[in-house]
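Thank you for making time for this. I would like to walk you slowly through one structure, so please keep the sequence and the model open while I talk.

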Amino acid sequence: MDLREKYLHSYWLTKVASFSAILLWNILHFLVTIWYWVNDGVHILESYLITYGLFQKYKSLDPSKVRYLAIVVESEEAHQISEVIELLHWIADIGVKHVCLYDMEGVLKESQETIIAECNARPWKVLNIHGVETAEALLKPSQLNLEFVSLTDGKEGVVEAANLLFLKYKDGGDKPKFTEPILDEALRLVGCSGPDPDLLLIYGPARCHLGFPAWRMRYTEIVHMGYLKSKKYGSLIKAIYRFTTIRQNYGT
């Protein structure tokens, strides 16, 4: 085999290998796309069946097990206030009383007066004096207790709590051991404490908590719910129901 034949042989082998790789990639991409379509279709169908009460087990949902629910919304989607209000109406219908609304840029906080009025809710700062349980008696049936949080609350809260601890212990002889109760108390004194959510639902493309205060997620169950505009009542019920049926181990 001369040099020219070797070159042509190598050239066609490269072409065949490249074509095979592209073909394999397209087949895999097609199969994955079909799987996602089928999976989404199943979820949509299941959501509608749950909404219309065709699954008996979801009728036994006990919303009292979700003492505090956090809703994290991607900031671009947080501008869809009507969608947020509809979601809160669903949550109230299910029976969850205490809800924290969070987005990074504070869009929901800026619209809190509108949201509270449209949902006939009470602001958390009015009721949260001694904790969640004391607020329960002040709420009417199906009335929500709403807290609004943004990324700046977390950052500023940490800075203010650190400054408070520094001023408190700077003149002490021994270096203090900053235990969890001490840090919790410092955050409470600067107004950045609050209860740990039992369940955190994320609406948006990102599968992360988007900066929700980390010290309030020690035992929180996190569920990604997809885009806010694609929310479904049945999916909300399913997420809350699943949480009420799991057993959380807190260690010893």
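**The sheet and its helices**

Let me begin with a single position: Pro-123 stands opposite Leu-146 in strand β4. Strands here are DSSP runs of E with at least two residues, helices are runs of H or I with at least four residues, and both are numbered from the N terminus. Before going further, I should say that this is a predicted model, in which local features need pLDDT of at least 70 and side-chain atom pairs count only at pLDDT 80 or more, while totals for chains, interfaces and linings use all residues. Residues are numbered from 1 along each chain as its sequence is written, and side-chain values use heavy atoms, with hydrogens and water left out.

β3 and β4, the latter covering residues 145-149, pair in the parallel sense over 2 bridges, where pairing requires that DSSP finds at least two bridges between two strands. Helix α5 (residues 112-119) packs on the sheet and touches β2, β3 and β4, and its direction makes about 165° with that of β4. Touching, or contact, means heavy atoms within 4.5 Å, and the angles, which run from 0 to 180 degrees, are taken between N-to-C directions of axes fitted to C-alpha atoms, for helices over the stretch in contact. Helix α10 also packs on the sheet, where it touches β5 (199-203) and β6, with its direction at about 150° to that of β5.

How are the strands ordered in the sheet? It is an open sheet of 6 strands, in the order β3-β4-β2-β1-β5-β6, with parallel pairing. β3 (122-123) and β6 (221-226) stand at the edges with a single partner strand each, so one side of each has no neighbour in the sheet.

Let me stay with α10 for a moment, because Ala-239, in this helix of residues 233-245, counts as buried at 9% relative accessibility. Buried means under 20% relative accessible area, exposed means over 50%, and partly exposed lies in between, with a 1.4 Å probe and protein chains only. Leaving aside neighbours within four places in sequence, Ala-239 is in contact with Leu-199, Leu-201, Val-223 and Met-225. The C-alpha atoms of Ala-239 and Val-223 are separated by 7.4 Å, although the two residues are 16 residues apart along the chain.

Now to the charged pairs. A salt bridge is a side-chain nitrogen of Lys or Arg within 4 Å of a carboxyl oxygen of Asp or Glu, and by this rule the count comes to 6 salt bridges. One of them joins Glu-46 to Lys-238, with the closest N and O atoms 2.6 Å apart. Glu-46 lies in helix α1 and Lys-238 in helix α10, so this pair ties together parts that are 192 residues apart in sequence. Lys-238 counts as buried, at 11% relative accessibility.

Asp-198 forms a salt bridge with Arg-67, the closest N and O atoms being 3.3 Å apart. Asp-198 is in the loop between α9 and β5, and Arg-67 in the loop between α1 and β1, 131 residues apart. Asp-198 counts as buried at 9% relative accessibility, whereas Arg-67 counts as partly exposed at 48%.

Finally, the side chains of Arg-216 and Glu-147 meet in a salt bridge at 3.0 Å, N to O, and both residues are buried.
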